[in-house]
Amino acid sequence: MLDFHPATGSGPAKVAIIAEIGVNHDGDVGTAIELAGAARRAGATAVKLQFFFTDDLLSNQATLAEYQSEEASPRIMLERLELSVDEIKRVGDFAKAGGLDFILTPFSVSNVEAIKNCDIEVDAVKIASPD
């Protein structure tokens with residue numbers, strides 16, 4: 001379990017190394033699991049994923065940023081990057097089994113509800129900070 005409190009007594013404070021998987025899995029749960037394994041081998045203590053439902057996150061007026069010009073549309077891009085609740089749970093279970101803490105960044109209230117209502121074990125929740 002992550003502990004962000006300052007050290008008390010003697011000895012150094014524990015440092016948490018959080019590997020940001022984000023959406024670098026490109027919507028593939030196998031890739032997300034591979035990235036979590038690579039993070040563990042590299043010495044990370046936690047992995048963090050972004051958790052969103054495209055319909056909750058995207059406005060109909062949304063446009064692509066210049067660097068995203070290869071994408072067909074914002075909706076298609078986000079749908080491609082979205083992991084299901086079951087897939088998020090699989091990544092979390094893999095991380096926990098490997099001794100990693102599991103952090104999620106939910107992007108909507110419905111994502112928070114999904115975390116609470118499903119059997120997803122998270123050690124911390126990071127509040128999303130979209131531009």
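Biologist: What makes Lys-48 and Gln-50 contacts of Glu-20?

Modeller: A contact needs heavy atoms within 4.5 Å. In this predicted model, Glu-20 meets that cut-off with Lys-48 and Gln-50, once its neighbours within four places in sequence are left aside. Glu-20 itself is found in strand β1, residues 18-22. Its C-alpha atom is also separated by 6.0 Å from that of Val-47, which is 27 residues apart along the chain.

Biologist: Why is Glu-20 called partly exposed?

Modeller: Its relative accessibility is 39%. Buried means under 20% and exposed over 50%, so Glu-20 falls in between and counts as partly exposed.

Biologist: Okay, zoom out. What is the order of the elements along the chain?

Modeller: From the N terminus on, they run β-α-β-α-α-α-β-α-β. That's five helices and four strands. Of the 131 residues, 34% count as buried. Among contacts between residues at least 6 apart in sequence, 63% join residues at least 24 apart.

Biologist: What makes a set of residues a nonpolar core here?

Modeller: The members have to be buried residues of the nonpolar kinds listed for a core, joined through side-chain atoms within 4.5 Å. The largest such set has 21 residues, and Val-47, Leu-49, Phe-51, Ile-88, Val-91, Phe-102 and Leu-104 are those with the most contacts inside it. Elements giving two or more residues to this core are α1 (29-41), β2 (46-51), α4 (85-97), β3 (101-106) and α5 (109-117). The largest share, five residues, comes from α1.

Biologist: Which residues does Val-47 touch?

Modeller: Not counting residues up to four places away in sequence, Val-47 touches Ala-19, Ile-21, Ala-36, Ala-39, Ala-95, Leu-100, Asp-101, Phe-102 and Ile-103. As for cores, another one, of five residues, lies apart from the largest; Leu-58, Met-77, Leu-78 and Leu-81 are among its members.

Biologist: How do you know that there's a cavity?

Modeller: A cavity is where a 1.4 Å probe fits but cannot get out. By that rule the count comes to one cavity of 30 Å³ or more. About 40 Å³ of space lies in the largest cavity, so it clears the 30 Å³ mark.

Biologist: Which residues line it, and how many of them are nonpolar, polar or charged?

Modeller: The lining of the largest cavity is Val-23, His-25, Gln-50, Phe-51, Phe-52, Leu-81, Glu-82, Leu-83 and Ile-88. By class, that's six nonpolar, two polar and one charged. Glu counts as charged, so Glu-82 is the charged one in this lining.

Methods:
Residues are numbered from 1 along each chain as its sequence is written. This is a predicted model: local features need pLDDT of at least 70, side-chain atom pairs count only at pLDDT 80 or more; totals for chains, interfaces and linings use all residues. Side-chain values use heavy atoms; hydrogens and water are left out. Buried means under 20% relative accessible area, exposed over 50%, partly exposed in between (1.4 Å probe, protein chains only). On a 1 Å grid over the protein atoms alone, a cavity is a set of points where a 1.4 Å probe fits but cannot get out, and a pocket is an open set with protein on both sides within 12 Å along at least five of seven lines; lining residues have an atom within 4 Å of a point. Grid points are joined across faces, edges and corners, and a volume is the space filled by probe spheres set on the points.
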